[in-house]
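This briefing is meant for a reader who is meeting the structure for the first time. Please keep the sequence and the model in view while going through the points below.

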Amino acid sequence: MAFRAEHGHGPSFKQLGDGLGWTLPRSVLGFVVVRLVANEWLARTGEVPWTLRPGSAAQQQGIALPAARRPTAAAPAPS
């Protein structure tokens, strides 16, 4: 959550591992993250990097993103 607040997007697999102090080979890190997603501790919102966020298991433990930002005032309709 802190990474997302600072950068405006979730961490990549490597950034997550670095942030947690993990020194795992890339293949092992990928396996661990895939298992965290499968067990719903993490969720992905797409297939591009930087989409990791807390999953439902994490949310049940109180680990959740702040409410989605509300859009600012809508642009006026063209006249």
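Glu 40 is partly exposed in this predicted model, because its relative accessible area of 44% lies between the limits of under 20% for buried and over 50% for exposed. Glu 40 belongs to the loop that runs between α3 (26–38) and β1 (42–44), and its phi is near 65°, a positive value in a residue other than glycine.

**Overall layout**

- The protein chain contains four helices and two strands, and these elements follow the order α-α-α-β-β-α when read from the N terminus.
- Of the 79 residues in the protein chain, 20% are buried, while the chain exposes about 6200 Å², with carbon and sulfur atoms supplying 59% of that area.
- Among the contacts in the protein chain with a separation of 6 or more, 31% are made by residues that stand 24 or more positions apart.

**Nonpolar core**

- The largest nonpolar core has five residues in all, namely Leu 16, Leu 29, Val 33, Leu 42 and Leu 52.
- Val 33, one of these core residues, touches Phe 13, Leu 16, Leu 42 and Leu 52 when residues up to four places away in sequence are not counted.

**The salt bridge**

- Side chains of opposite charge can pair when their charged atoms come close.
- The structure holds one salt bridge, and it is formed by Asp 18 with Lys 14, whose closest N and O atoms are 2.9 Å apart.
- Asp 18 and Lys 14 are separated by about one helical turn, because they are four residues apart in helix α2 (residues 13–19).
- Asp 18 counts as partly exposed at 46% relative accessibility, whereas Lys 14, at 53%, counts as exposed.

**A buried arginine**

- Which side chain of opposite charge is nearest to Arg 4, and how far away is it? The nearest one is that of Glu 6, 12 Å away, and Arg 4 is buried yet has no salt bridge.
- Arg 4 is found in helix α1 (residues 2–7), and a polar atom of its side chain lies 2.9 Å from the backbone oxygen of Leu 52, a residue that is also listed in the largest nonpolar core.
- Not counting residues up to four places away in sequence, Arg 4 touches His 9, Gly 10, Trp 50, Thr 51, Leu 52, Arg 53 and Leu 65.

Key:
Residues numbered from 1 in each chain as written. Predicted model: local features only at pLDDT ≥ 70, side-chain atom pairs only at ≥ 80, totals over all residues. Heavy atoms only, no water. Buried < 20%, exposed > 50% of the residue type's maximum accessible area, 1.4 Å probe, protein only. Lys, Arg positive; Asp, Glu negative; His and termini not counted. Salt bridge = Lys/Arg side-chain N within 4 Å of Asp/Glu carboxyl O. Polar contact = N/O pair within 3.5 Å; in protein donor to acceptor, adjacent residues only side chain to side chain. Contact = heavy atoms within 4.5 Å. Areas by Shrake-Rupley, 256 points an atom, 1.4 Å probe, with all protein chains shown as cover. Core = buried A, V, L, I, M, F, W, Y, C linked by side-chain atoms within 4.5 Å.
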